[in-house]
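Student: I would like to learn how to read side-chain contacts in a model. Can we work through one case together?

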Amino acid sequence: MQPQRVVTFADHAVSDGGLYEQCGFIKDGELRPDYTYYFRGERVHKFLFRLKRFRNDPNLLWDESWTEQQAAAENKIPRIWDYGKTRYVLDIPG
């Protein structure tokens, strides 16, 4: 089966999306800056540090009143913010 659409993203930290536009992609939207966490020497997706992780991991500090952000801060797990992204689409004729 042939794909009908390609969706990709230009990370504002490294690209203005010009190459995608030169290749025929259409700008489809802007994504606001988002964050990952820096844990044990690596950037990891924020999904890995939901409240459940703090609650269930005996190696992490936890208090029921904390938000995810507070739990990360108490555990000295910093957030790293990106610069946002632009979403591009390319429709492939069938």
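**Reading side-chain contacts**

Tutor: Start with Glu-30, which counts as partly exposed at 48% relative accessibility. Keep in mind that this is a predicted model.

Student: Which residue forms a salt bridge with Glu-30?

Tutor: The general idea comes first: side chains of opposite charge can pair when their charged atoms come close. Here the partner of Glu-30 is Lys-27, and the closest N and O atoms of the two are 3.6 Å apart. Lys-27 is also partly exposed, at 49% relative accessibility.

Student: How many salt bridges does a search of the whole structure find?

Tutor: The search finds 8. Another of them joins the side chains of Asp-28 and Arg-87, at 2.9 Å from N to O. Asp-28 belongs to strand S2 (residues 26-31) and Arg-87 to strand S6 (residues 85-91), so this salt bridge ties together parts that are 59 residues apart in sequence.

Student: Are Asp-28 and Arg-87 buried or exposed?

Tutor: Each falls in between. Asp-28 is partly exposed, with a relative accessible area of 41%, and Arg-87 is partly exposed at 27%.

Student: Which residue forms a salt bridge with Glu-64?

Tutor: Arg-55 does, with the closest N and O atoms 3.5 Å apart. Glu-64 counts as exposed, at 58% relative accessibility, while Arg-55 counts as partly exposed, at 42%. The cut-off matters here: exposed means over 50% relative accessible area, so Glu-64 at 58% gets that label.

Student: Now the rings. What describes a pair of aromatic rings?

Tutor: A pair is described by the distance of the centres and the angle of the planes. This structure holds 7 aromatic pairs. One is formed by Tyr-20 and Phe-25, with 5.3 Å from centre to centre and 65° between the planes. Planes over 60 degrees apart count as edge-to-face, so the pair of Tyr-20 and Phe-25 is given that name.

Student: Is Phe-25 buried or exposed?

Tutor: Phe-25 counts as buried, at 13% relative accessibility. Its partner Tyr-20 is partly exposed, with a relative accessible area of 25%.

Student: What kind of aromatic pair do Tyr-35 and Tyr-37 form?

Tutor: Their pair is edge-to-face, with 5.5 Å between the centres and 75° between the planes. Tyr-35 is buried, with a relative accessible area of 12%, and Tyr-37 is buried with a value of 0%.

Student: Which residues form one aromatic cluster?

Tutor: Tyr-35 and Tyr-37 belong to it, together with Phe-39, Phe-49, Phe-54 and Trp-81.

Student: Which residue lies over the face of Tyr-35?

Tutor: Lys-46 does, at 4.8 Å from the ring centre. A second case is Arg-50, which lies over the face of Phe-47 at 3.9 Å from the ring centre. For this kind of contact, read the distance to the ring centre and check that the charge sits over the face of the ring.

Student: Which residues form a nonpolar patch on the surface?

Tutor: Val-7, Phe-9 and Leu-31 form one, and together they have about 230 Å² of accessible area. Phe-9 is placed in strand S1 (residues 5-11). Residues in a patch need over 30% relative accessible area, so Phe-9, partly exposed at 39%, meets that cut-off.

Student: Let me go back over one point. Where do Asp-28 and Arg-87 lie?

Tutor: Asp-28 lies in strand S2 and Arg-87 in strand S6.

How values were computed: Residues are numbered from 1 along each chain as its sequence is written. This is a predicted model: local features need pLDDT of at least 70, side-chain atom pairs count only at pLDDT 80 or more; totals for chains, interfaces and linings use all residues. Side-chain values use heavy atoms; hydrogens and water are left out. Rings of Phe, Tyr and Trp (its six-membered ring) pair if their centres lie within 6.5 Å; planes under 30 degrees apart count as stacked, over 60 as edge-to-face and the rest as tilted. Buried means under 20% relative accessible area, exposed over 50%, partly exposed in between (1.4 Å probe, protein chains only). A charge sits over a ring if NZ of Lys or CZ of Arg is within 6 Å of the ring centre and within 35 degrees of the ring normal. A salt bridge is a side-chain nitrogen of Lys or Arg within 4 Å of a carboxyl oxygen of Asp or Glu. Helices (H or I, at least four residues) and strands (E, at least two) are DSSP runs, numbered from the N terminus. Patches are made of residues with over 30% relative accessible area and no salt bridge: like charges are joined within 9 Å, nonpolar side chains (Val, Leu, Ile, Met, Phe, Trp, Tyr) within 5 Å. Accessible areas come from the Shrake-Rupley method with a 1.4 Å probe; for residues, only the protein chains shown count as cover.
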